[in-house]
Amino acid sequence: MLEAKLQEAAILKRLLDAVKELVTDANFECTEEGITLQAMDNSHVALVAVKLDATGFKKYRCDRPMPLGVNINSLTKVLKCAKDDDIVVLKASDDADVLNLTYEARNSDRIAEYDMKLMDIDSDTLGIPDTEYDARVTMPSAEFTRIVRDLSQLGESVRIEVSKEGVRFASDGEAANGSVLLKQTEGGGSSAKGVIKAGGDNEDDDVEEGSSKKTKKKVKKEDGEEGDEDVEMNGEGEAGGDDEEGDGEFKARSDDDGEEEQDEEEGQNKKKRKKAPAKAAKPSKKAKKSADDDSAGGVRIEMNQHVTLTFSLKYLVNFSKSSTLAEKVELMMSNDVPLLVNYEFGQGHIRYYLAPKIGDD
């Protein structure tokens, strides 16, 4: 018997929206480890592999391995009857010909039940070999969606080239050509960039990275210079840990007090530095947050050798619909090997494999 309780119906709805253009009928293979789906499109150019881990369900029970053969369009229609935040319970008895779906509303006593007929689908599970890819590109899924949709207006194919320069998407159409180059984010979205960015938003507290020793030296130097308020810090740990290491290490600009106390003795300078971090504390936290945001939206490229492949944009546009599931997408490529487009989300992953075009310029 199968009983799987999912916290949100939105997960299943988004999964099916992503694969319904590629696959008509498919088997959901249920085991004690979770639910998987693997299917090819009719032209045998693309393959989709979905996995929902058992740990991602609020409750999961599967007594023995069993396939659930479903028509994807029919299941999509049944799931449209559920709200995105409804709790979904999937039930099927051994050798059953019906899949039971129950939707439980969070904010009311509403419970809806639907029964969908299952199908006998003969399909062989393909063994996907482990491949060492020559290039791996990690980028925001929304950016990938925008690029393939924009280029699909120009032509039918896109050339993806990974080099030291970055990753380039190029499409040649009858009326126009288009090309988009993404360079690797400096430092992979490191905290240094985020700190500088956040400091730029606040004119009174520009912050750059340096060492804590340099910090002390620069503070003393600036005590004798009017109007200069830059402070150097070393590493995210020190930027976030100024409360623990002694507040006297970092000095931000103090418009009222700074110039009056510059000529006083060393002890008073130390007191002044201890007061300053109260103003610098908020920009410091803001900088750390900005760093996290930047790394989440950055582009990371790992490359062993130059790779150039051409793919059908129609399929990539379909793949990009999975951007609703994950903020990042991984593109893994090797010459003369199918492209792997991987989306990782909380409950599992969805992966697409697409054969490259041969003979296209």
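This report walks through the fold, a few strands and a helix, the ring pairs and the cysteines of the structure above.

## Ground rules

This is a predicted model, in which local features need pLDDT of at least 70 and side-chain atom pairs count only at pLDDT 80 or more, while totals for chains, interfaces and linings use all residues. Residues are numbered from 1 along each chain as its sequence is written, and side-chain values use heavy atoms, with hydrogens and water left out.

## The chain as a whole

Let us start with the overall picture. The protein chain has 9 helices and 20 strands; these are DSSP runs numbered from the N terminus, with helices being H or I of at least four residues and strands being E of at least two. Of the 361 residues in the protein chain, 46% are buried. Here buried means under 20% relative accessible area, exposed means over 50%, and partly exposed lies in between, using a 1.4 Å probe and protein chains only.

Take the contacts (heavy atoms within 4.5 Å) between residues at least 6 apart in sequence: 66% of them join residues at least 24 apart. The protein chain exposes about 19700 Å², and carbon and sulfur atoms supply 43% of that area. Accessible areas come from the Shrake-Rupley method with a 1.4 Å probe, and for residues only the protein chains shown count as cover.

## Strand β1 and helix α1

Strand β1 covers residues 2–6, and 4 of its 5 residues are buried. It has two antiparallel partners to look at, where pairing requires that DSSP finds at least two bridges between the strands. With strand β7 (residues 87–92), β1 shares 5 bridges in an antiparallel arrangement, and Ala4 stands opposite Leu90 of β7. With strand β5 (residues 59–62), β1 shares 4 bridges, also running antiparallel; there, Glu3 has Arg61 as its bridge partner.

Helix α1 (residues 9–19) is mostly covered, with 9 of its 11 residues buried. Among the buried residues of α1 are Ala9, Ile11, Leu12, Leu15, Leu16 and Val19, and Lys13 is also one of them.

## Aromatic pairs

There are 4 aromatic pairs in the structure. Rings of Phe, Tyr and Trp (its six-membered ring) pair if their centres lie within 6.5 Å; planes under 30 degrees apart count as stacked, over 60 as edge-to-face and the rest as tilted. One of the pairs is Tyr103 with Tyr114, tilted, at 5.4 Å centre to centre and 40 degrees between the planes. It links Tyr103 in strand β8 (residues 98–104) to Tyr114 in strand β9 (residues 111–117), 11 residues apart. Tyr103 is buried, at 0% relative accessible area, whereas Tyr114 is partly exposed at 27%.

Phe319 and Tyr352 have ring centres 4.3 Å apart and planes at 15 degrees, so this pair is stacked. Phe319 belongs to helix α9 (residues 313–319) and Tyr352 to strand β20 (residues 348–354), so the pair ties together parts that are 33 residues apart in sequence. Both Phe319 and Tyr352 are buried. Ring pairs also join Phe319, Tyr343 and Tyr352 into a cluster.

## Cysteines

How many disulfides does the rule give? The count is 0 disulfides, where a disulfide is a pair of cysteine sulfur atoms within 2.5 Å. For Cys30, the closest cysteine sulfur is that of Cys62, 5.6 Å away, which is too far for a bond. Cys30 is buried, with a relative accessible area of 1%, whereas Cys81 counts as partly exposed at 34% relative accessibility.
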